[in-house]
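Okay, thanks for coming, everyone. I'll put the structure up and then talk you through one piece of it.

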Amino acid sequence: MKKTIIAAFILLVSIPASTQVNTDRVMMIGRNALYFEDYVLAIQYFNQVITAKSYLADPYYFRAVAKFMLDDFKGAEADATNCLERNPYYTAAYQLRGAARQNQDKFEEAATDYMRSLEFYPEDRLTLVNMGIVNIELKQYDVAEKFFGVLLQRFPDYTAGYLARSQMYIEMKDTTKAMTDLNTAIEKDPYTAQTFSARGLLHFQQKDFNRALADLDEAIRLDPYFEGNYINRGLVKYHLNDLRGAMADYDKVIEMDENNLIARFNRGLLRAQVADNNRAIQDFDKVIELDPENTIAYLNRGVLYNEIGDKSSALKDLNIVLEEHPDFFSGYYMRSQLKRELNDLRGAEQDYKLARAEESKAHKVATVNPEPFKQAGEKSENKDTREQTDRDIEKFNLLVVADKGESEKTKYQRQSRGRVQNLNAPIELEPRFVLTYYERDLEVRRPVYYSEAIDQSNRGLDLSWLLKITNKEAPLNELQVQTHFRSIDNYSARIEREPANPSFYFGRGMDFMLVQDYESALKDMEKAIELDPDLLVAHFGRAVIRSKQIEYDHLKADPVMIDRNAGVDITLPGSGVAGKPRLPEISTKSIEYEEILREYEKIIRLKPNFMYAYYNRAEVYSLEKDYRAAIADYTKAIEIEPQFAEAYFNRGIARLSIGETRDGLDDLRKAGELGIIQSYSIIKRMQ
């Protein structure tokens with residue numbers, strides 16, 4: 001989860017007090033935006049600090065973090081360098097710059113940065129695994145093995161370390177050691193889909209198809225939304241002569257992503273194999289639409305056009321192939337035959353002569369230097385698939401495997417971005433509901449809830465945007481940020497003209513909240529409530545803002561939250577399974593939370609059927625470990641809205657926390673039915 005990554009990056013350093021209050025304030029708001037994943041907005045705030053005080057290292061570091069999370073690795077590297085120029089002892093900047101360089105394939109420079117970081121923190125888990133990975137990329141396997149050895153000696157239960165080392169052994173062609181590491185990783189953590197997927201692919205490469213199928217089945221069971229596992233399972237089923245099952249897997253991938261090139265290509269080949277030529281052509285049409293330079297797809301489609309008697313279309317496709325591959329003598333033989341059938345005898349004869357000439361040339365090259373051809377022959381005997389990046393036209397009729405190289409690169413990027421902490425599927429509450437104008441789309445559709453209070457607010461407050469209540473708020477893009485800054489100015493002008501209008505203060509408070517200026521947002525919400533004590537959305541907004549402030553304050557004050565080697569763990573009674581809570585736990589009721597609880601009580605008095613107040617209050621009770629009170633509030637929310645998926649999920653977690661396993665699992669099943677997919681992972685672990 002990105003918020004966890006940001007917590008680690010932010011808390012690696014502490015910001016010294018600045019002499020100018022404004023600079024401190026802008027910096028604080030920028031860090032707020034960074035923590036809540038508004039990266040574009042965060043960058044704008046850090047720009048202001050850099051403009052005012054370009055000699056400070058901190059704004060460059062935090063701007064580098066924001067750019068990194070936006071995948072601007074070159075920009076992140078530059079900012080981290082600027083930070084280190086101002087403070088060469090800024091350890092976190094070495095780690096960040098190393099990760100940015102690693103993602104740009106600058107492996108030697110990344111290794112230099114990681115080594116510098118290890119001088120300060122010699123047992124940092126993430127840096128050690130990244131040092132192993134960059135040395136794999138540099139083909140320095142002995143060095144990589146030493147780093148993995150240190151890592152796993154210090155952290156023997158760190159499954160990501162075993163997984164990364166297994167990939168190194170696969171590259172070294174030592175499949176025995178690779179299998180040992182994968183077996184160890186699964187023994188220590190049998191709930192990570194990635195490990196089963198890696199072992200399944202290794203079994204597949206060893207032609208142990210039944211074991212490969214079992215591992216990929218389990219990987220899909222643990223993570224049903226990763227398309228690569230379906231693609232590779234389709235290959236396994238193909239080798240087990242289960243063509244119907246292979247087709248079903250490719251259908252599933254295309255259902256999830258209609259533009260998946262590998263699934264489209266493989267399904268086209270399978271359809272051609274069972275003589276479903278017209279639908280096979282449709283699949284290759286889509287591949288060519290998505291990848292116009294894919295000559296292998298043109299060749300397959302040309303063959304299929306020929307099969308259905310569309311000779312002219314077949315000829316057009318072959319022309320494209322031979323223009324790109326003028327030494328492909330088999331293609332000239334094909335085109336010669338086609339032209340003959342189209343009664344172009346002169347063209348057929350020319351192509352036949354070209355084919356003979358290219359074939360003769362190839363034989364001569366093979367005679368002079370036969371070694372590459374022997375190696376290619378050995379590979380073709382041992383391998384009946386190709387990777388997506390392999391554009392060898394001779395392999396036009398081979399099924400495509402989800403690229404090993406690409407999958408490893410993706411995995412390494414995840415490692416360098418800190419996501420290895422989340423390889424153990426986290427047990428996290430669904431987030432609180434907030435007021436916003438923007439929300440994220442979900443992979444799986446959930447029920448849509450109607451709120452009379454929000455509907456009335458949209459009709460009565462004359463807001464510039466449609467007010468929404470969601471627990472999937474979306475970060476602002478650059479245009480939206482600028483728009484809300486202008487909106488703040490507009491509301492300020494309107495307040496000067498009409499200072500007793502509560503809707504103006506509420507509207508400006510929403511703008512301040514969206515640009516992460518919580519102090520100003522809170523003042524405006526309080527003013528709106530002063531002018532209209534029954535303005536429910538202002539009460540709710542004030543409660544949400546206070547919760548966000550407390551969350552951020554705990555982030556700054558509670559160092560246990562960033563133990564990068566262990567994390568904060570909770571264990572569900574009877575499960576023996578650890579997971580990470582979204583917020584730091586608190587054992588006593590604080591004054592801040594008491595104020596928030598009173599706010600929700602006020603909201604419930606104003607609107608007894610406002611289910612979001614019960615839901616958010618239950619979250620506070622959960623944080624204070626008052627699980628029975630939380631369960632009561634989630635139950636009330638479900639009574640108001642029987643399809644309240646998030647309330648079922650969180651009530652399930654609360655029930656598991658007090659040992660009510662059967663009822664807790666029933667709630668999680670209902671939540672899964674309503675679209676919260678992580679429910680199924682927890683159910684499996686508990687069972």
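**The whole protein, then one helix**

So, the protein exposes about 30900 Å², and carbon and sulfur atoms supply 48% of that. Do keep in mind that this is a predicted model. Of its 687 residues, 55% count as buried. In secondary structure, we've got 34 helices and 6 strands. And if you take the contacts with a separation of 6 or more, residues 24 or more positions apart account for 61% of them.

Right, let's zoom in on helix α25, which runs over residues 478–497. With 20 residues at 1.5 Å a residue, α25 should span 28 Å, and its end C-alpha atoms are 30 Å apart, so the two agree. At the N-terminal end there's a cap, Asn477: one of its side-chain oxygens sits 3.2 Å from the backbone nitrogen of Leu479.

Now, which residues of α25 are buried? They're Gln480, Val481, His484, Ser487, Ile488, Tyr491 and Ile495. Look down the axis of α25 and those buried residues fall within an arc of 115 degrees, so they line one face of the helix. The general background here is that an α-helix has 3.6 residues a turn, so residues three or four places apart point the same way.

What covers the buried residues of α25? The cover includes α3, residues 39–52, and α26, residues 502–514. Over on the other side of α25, Leu479, Asp489, Glu496 and Arg497 are exposed.

That's my piece, so let's chat.

Methods:
Residues are numbered from 1 along each chain as its sequence is written. This is a predicted model: local features need pLDDT of at least 70, side-chain atom pairs count only at pLDDT 80 or more; totals for chains, interfaces and linings use all residues. Side-chain values use heavy atoms; hydrogens and water are left out. Helices (H or I, at least four residues) and strands (E, at least two) are DSSP runs, numbered from the N terminus. The expected span of a helix is 1.5 Å times one less than its number of residues. Buried means under 20% relative accessible area, exposed over 50%, partly exposed in between (1.4 Å probe, protein chains only). The arc is that of the directions from the helix axis to the C-beta atoms. Contact means heavy atoms within 4.5 Å. A polar contact is a pair of N or O atoms within 3.5 Å; within protein, one must be able to donate a hydrogen and the other to accept it, and residues adjacent in sequence count only if both atoms are side-chain atoms. Accessible areas come from the Shrake-Rupley method with a 1.4 Å probe; for residues, only the protein chains shown count as cover.
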